[in-house]
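I opened this notebook page to look up how aromatic rings meet one another and where charged side chains lie over them. My entries follow in the order in which I looked.

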Amino acid sequence: MAAQTRLFPYLPERIKKLEDLAENLWWSWNPSARMLFKMLNRQLWKETNHNPDKMLRDLPNEILAKAAQNPEYLRDYDVVISRFNKYLEGANSAFSDKIDKKETKIVYFSAEYGLHHSLPFYAGGLGFLAGDYIKECSDLRVPLVSIGFMYPQGYLFQKIREDGWQEHADQEINREQAPISRVVDKKGQPLVVQVPLFDPPVFVTLWEVRVGCVTLYLMDTDIDKNDPWNRNISARLYTGDIEQRLRQEIVLGIGGSEVLEKLGIQKSVIHLNEGHAAFAQLDRIKDKIAEGNSFDEAVNNIRKTSVFTTHTPVPAGHDVFPFELMDRYFQTYWQSMGLDRDRFLQLGTHPSEPQKGFNMTAFAMRMAEHKNGVSRKHGEVSRKMWQVLWPDKTEDQVSIGHITNGVHVPTWINPKLVLLFNRYLGTDWMESHDDPVRWELVDEIPDDELWKTHYWLKTKLIDAIRERARKRWMDDHISPSNVLASGTLLDPSVLTLGFARRFATYKRADLIFFDPEKLYKLLNNRWRPIQIIFAGKAHPADDPGKLILQRIFNEARNPVTAGRIAFVENYGEQIAQYMVHGVDIWLNTPVPPMEASGTSGMKAALNGVPNLSIKDGWWLEGYNGENGWAFGDELSKQRNDSSDATELYRLLEEKIIPMYYQTADNGTPAQWVRIMKNSIKSNGARFSARRMVKEYIENYYLEAIKSI
Ligand SMILES: *Cc1c(COP(=O)(O)O)cnc(C)c1O
C-alpha cells in the first residue's frame, strides 16, 4: 500500500522536486520553502489559499519553464531542496537510540488536527495541539503514526448575518486539490477497509498527509459503497446527532485500529488525544483475547502501553452515550470478548451517574496506565474530577499527572522575528529552542528593532483585516455598518487587544463589556485610546455562545465604539497567525478553572505579545510578574464577573495604557518593550511543543515501551 503520487506533468525536470515538497507539509513551517511557491506567482499563491498542490496544478507552463531557467530561483530552490532532504534523512533523535525494535510505533489518535488552513479538519485548541504535536514528533524523529478523519465539510464556515447572528455556510473541500494523497492498494486502486459492528456495513477509504517524517492517515466514509447515512459519518466535525456521533467514534477508534492493521503498522503504544477514539482499546483487547489471554489479562496488557490525555474540565466536553445506543452497536462485540452486558457497560460508567450512559472519558481513564491533564492546574482538577473512579485512593494518589501543552515554535513564530532572532540569538537558535538559556539573549535585541518589527506586524494584521472586509463588502454587498464592524477603521498607532478563540460561554468573550460606559471611555480616550479585535466561532448548537458573539458584533457596529471594536469573521489558522503576531496584548478571560491549558496565549507570548489573562490554565505557570498581567481569583468557587471585570479595567487604566503610551523620542515605548522581551524570554522554551513532546517521551512513552 502506498500513497498515490501526484502528477504534475508540466513541471520541468530541473525543478521536479517541487512535487515532493508540495506533498509534504514541511513547507508549511519552513518560510524559505513557502517562498519557493510564493515566488512563482504571488497572486496565485494568495488565490489558492497558500496551497502548493493546487498551485502547481494551476500555474501556466510558461511560468514553470521560466522559473527552471532563472538562476536566482534555482539557487533558492537548491538550498531548500537540500535542507528538505537533510531533514528527511536526519536521524537526530531524543528517542530512536532508546528503542531497539525498528517496527515499534507510537500510534496517535485524534478526532481533529489543526495543521494548516488548507486542511480545515479542526474546531479549535484540541486540533491545534494535535497538529503541533505531530509536527514536533517529526522534528524529534519520534516513530509515530497518526490517525483521524478527513471531514469533507470541515468544521463550519462562519458568516455573520446583518443582525450579528452567526450563520454557517457549507463549504465542501475539493479533495483533489487539498494537500492530501489517496492511499492505494497494490493494484493502484483506492484502499477500502471495512469497519466492524455496522449493518449495513461501513467502509472507509484513506488519505495520507505527510507531516515531515510523520504520516497522518485520514479516514473518509464518503464513498459509493456506503449508504447515505453511513457516507455522512465523516461529513463534519462534532455532529450534534448523538447516534451519528457514536458511529463516528466507533469508526475513529475501531475503524482506525483496523486500518492500521491493514497497513501493517504495529500498535506498540497508543496515545489517545482526548476520549473520542477510546474504542480503539476494545479492538486491542479483542486481539489480545484472540491470542489466548483472558479478558482481565488482555486489559492489563493493553493498559500498560496506553497513554490518555484528557483536555477539558467542562462536563459537556465528555461524551456520554445512552446504553440503548451502546446495545445497538456493541451487542455482538461484548459477546465476542466473553463479557455480558453489565460487565461491558460498566467499563464506561461514571460512578456518580451510573445510569447516564457510557462515558468515553471514564472508559479511557480505566484503560490507560499513563494519564495526564494538560497543565499543572488541570492535572489537579482532573485528579479531583476523576478520583471517583478509584475510591480507595486519595486525590493525590490518583495516577493522573500533567504535561503542560506547548506550541510548535517554527509554525507559530513569525518569520520576521526569526530573522531578528537569528541575528541576536545565533543562527542555530532554532535547533535548541527548548533551552531557556538561549532565550536570555533576547535582551541583546535593541529595543527599537524589536518594536519596529512588532509595529510592522501590527500593520500587516490590520491590512489583512481590511482586505477581508473589502472583499466581503464587494462580494456580498453587506451593509456599510457591517463593513466597519469587521475592522476597517482600525488604527495601527492605537493600543490593540486581541481576543480570538471559540465562543464557548465559559471563555467570557464579553467580560470586557461588563461596564459598557467604562469601556467606551477607554476606547474613545482622545490621547490614549484602545481598540479590540475579536474573532472566533460558536459551536453550531451553542445558542448562548452565539448570543455573546452577536452582542460583540453589535457593539462593533455601534457608532459609540467608534470603529475601535472589530469582529473578524471565520476565525481559523490564517487569522490566528496574523493575530498572535500583530496585536499588542492577548486577552484571555475564562471562568477558572475551565481553561484546561489554552495555547493561543503561548503563540502570542512567543511573538512578543504579552498576555493579559485570568489566572487559569497555562498562565498560572507562565506568569512571573514581569512578562504580562494576571488577574482574577483562581481559588474562587464561583463565577466573579463583576470583580474580574473591575480588576481588568483597573489594570488597563493604571498600568497597561500608561505604559504603552509612554514612548521615547524615537517612538519606542521602552517599558513596554521590556515586558515584550520578558514574555518571549520566559515563555519561548517553556511552552514549546519540543519541551512537551520530550516530556511525553520521558514520562510515558519510554515506560510504556518497556512493557511491550
Ligand atoms: C491555537 C489556536 C486555537 C486554540 O487556542 P486556545 O487559546 O487554546 O483557545 C484555536 N484556534 C486556532 C485557529 C488556533 O490557532
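**Charges over rings, then ring pairs**

I began with the charges, working throughout on a predicted model, and found the charged end of Lys 603 over the ring of Phe 128, at 4.8 Å from the ring's centre. I then looked up Arg 501, which lies over the face of Phe 499, 4.9 Å from the centre of that ring.

Turning to rings against rings, I noted that the structure holds 37 aromatic pairs. From these I took Trp 334 and Phe 344, whose centres are 5.4 Å apart and whose planes make an angle of 35°, a tilted pair. Because Trp 334 belongs to helix 12 (residues 323-336) and Phe 344 to helix 13 (residues 341-346), this pair ties together parts that are ten residues apart in sequence.

I next asked whether these two residues are buried or exposed. Trp 334 is buried at a relative accessible area of 4%, and Phe 344 is buried as well, with a value of 0%.

I followed Phe 344 to a further partner, Phe 358: the ring centres are 6.0 Å apart and the planes lie at 20°, so I recorded the pair as stacked, the cut-off being under 30 degrees. This pair links distant parts of the chain, with Phe 344 in helix 13 and Phe 358 in strand 13 (residues 358-359), 14 residues apart. Phe 358 also counts as buried, at 0% relative accessibility.

Lastly I looked up which residues form one aromatic cluster with these three, and listed Phe 279, Phe 330, Tyr 333 and Phe 363 alongside Trp 334, Phe 344 and Phe 358.

Conventions
Residues are numbered from 1 along each chain as its sequence is written. This is a predicted model: local features need pLDDT of at least 70, side-chain atom pairs count only at pLDDT 80 or more; totals for chains, interfaces and linings use all residues. Side-chain values use heavy atoms; hydrogens and water are left out. Rings of Phe, Tyr and Trp (its six-membered ring) pair if their centres lie within 6.5 Å; planes under 30 degrees apart count as stacked, over 60 as edge-to-face and the rest as tilted. Helices (H or I, at least four residues) and strands (E, at least two) are DSSP runs, numbered from the N terminus. Buried means under 20% relative accessible area, exposed over 50%, partly exposed in between (1.4 Å probe, protein chains only). A charge sits over a ring if NZ of Lys or CZ of Arg is within 6 Å of the ring centre and within 35 degrees of the ring normal.
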